[in-house]
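Student: I should like to take a close look at a single part of this structure, namely its aromatic rings and what surrounds them. Could you please take me through it in one connected account?

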Amino acid sequence: MARAITLIRSDALSDVAEYAYAATAPAGARLIFLAGACPLNADGSTAAVGSYPGQAAKAVENLRTALAAAGAELEDVVNTRVLVASTRRQDLVAAWKVVRAAFGDHDVPSTLMGVTVLGYDDQLVEIEAVAAVLD
């Protein structure tokens, strides 16, 4: 399937980041704005309490489900924002590794942020995303 987005890299920027620095979607692409994917089970309970990687995995699973409902896949994502309730870099990295692995070669522009608190009891990770598809 043809994808709507183009990932952009620049030789003038560091190659340390594990993602493209920009992405574009062509005119006529349908944009999909996703609410933050949370690590919630179907019954509303928080999954993987106390585990950054476990919650990141559940958030990615829920992101995939929301994308599918909109007619999209991870490969259609234009950018992400990964929110991690921690001030410790190693916690952010633990969550990021799971998210990054889920996206594989589709290394979309991303922002990784440590935040004070997230909305649900025991929630440690949330993933926001924008996707674009050609209908």
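Tutor: Rings of Phe, Tyr and Trp, the last by its six-membered ring, are said to pair if their centres lie within 6.5 Å; planes over 60 degrees apart count as edge-to-face. Please keep in mind that this is a predicted model. By that definition, a search of the whole structure finds two aromatic pairs.

One pair joins tyrosine 19 and tyrosine 21: the ring centres are 6.0 Å apart and the planes meet at 70°, so the pair is edge-to-face. Tyrosine 19 has a relative accessibility of 27% and therefore counts as partly exposed. Tyrosine 21, with a relative accessible area of 36%, is partly exposed as well. Tyrosine 19 also pairs with tryptophan 96, again edge-to-face, with 6.1 Å from centre to centre and 85° between the planes. This pair ties together parts that are 77 residues apart in sequence, because tyrosine 19 lies in the loop between strand S1 (6-8) and strand S2 (22-24), while tryptophan 96 belongs to helix H2. Tryptophan 96 is buried, since its relative accessible area is 11% and the limit for buried is under 20%. Through these ring pairs, Tyr19, Tyr21 and Trp96 are linked into a cluster.

Serine 110 leads on from the cluster. Leaving aside its neighbours within four places in sequence, serine 110 is in contact with Tyr19, Thr80 and Trp96. Serine 110 is found in strand S5, which covers residues 110-115, and at 12% relative accessibility it counts as buried. Its side chain makes a polar contact of 2.7 Å with the side chain of threonine 80. A polar atom of the serine 110 side chain also lies 3.1 Å from the backbone oxygen of valine 108.

Finally, consider the nonpolar interior. In soluble globular proteins, nonpolar side chains tend to be buried together. Here the largest nonpolar core has 26 residues, and those with the most contacts inside it are Leu63, Leu67, Val99, Val125 and Ile127. Helix H2 (89-103), the helix of tryptophan 96, is one of the elements that each supply at least two residues of this core; the others are strand S3 (30-37), helix H1 (52-69), strand S4 (77-85) and strand S6 (125-133). H1 gives the most, with six residues. Beyond its neighbours within four places in sequence, leucine 67 is in contact with Leu34, Ala72, Glu73, Leu74, Val77 and Ala131. A second, separate core has five residues, among them Ala4, Ile5, Val78 and Ala132.

Technical notes. Residues are numbered from 1 along each chain as its sequence is written. This is a predicted model: local features need pLDDT of at least 70, side-chain atom pairs count only at pLDDT 80 or more; totals for chains, interfaces and linings use all residues. Side-chain values use heavy atoms; hydrogens and water are left out. A nonpolar core is a set of buried Ala, Val, Leu, Ile, Met, Phe, Trp, Tyr and Cys residues joined through side-chain atoms within 4.5 Å. Buried means under 20% relative accessible area, exposed over 50%, partly exposed in between (1.4 Å probe, protein chains only). Helices (H or I, at least four residues) and strands (E, at least two) are DSSP runs, numbered from the N terminus. Contact means heavy atoms within 4.5 Å. A polar contact is a pair of N or O atoms within 3.5 Å; within protein, one must be able to donate a hydrogen and the other to accept it, and residues adjacent in sequence count only if both atoms are side-chain atoms. Rings of Phe, Tyr and Trp (its six-membered ring) pair if their centres lie within 6.5 Å; planes under 30 degrees apart count as stacked, over 60 as edge-to-face and the rest as tilted.
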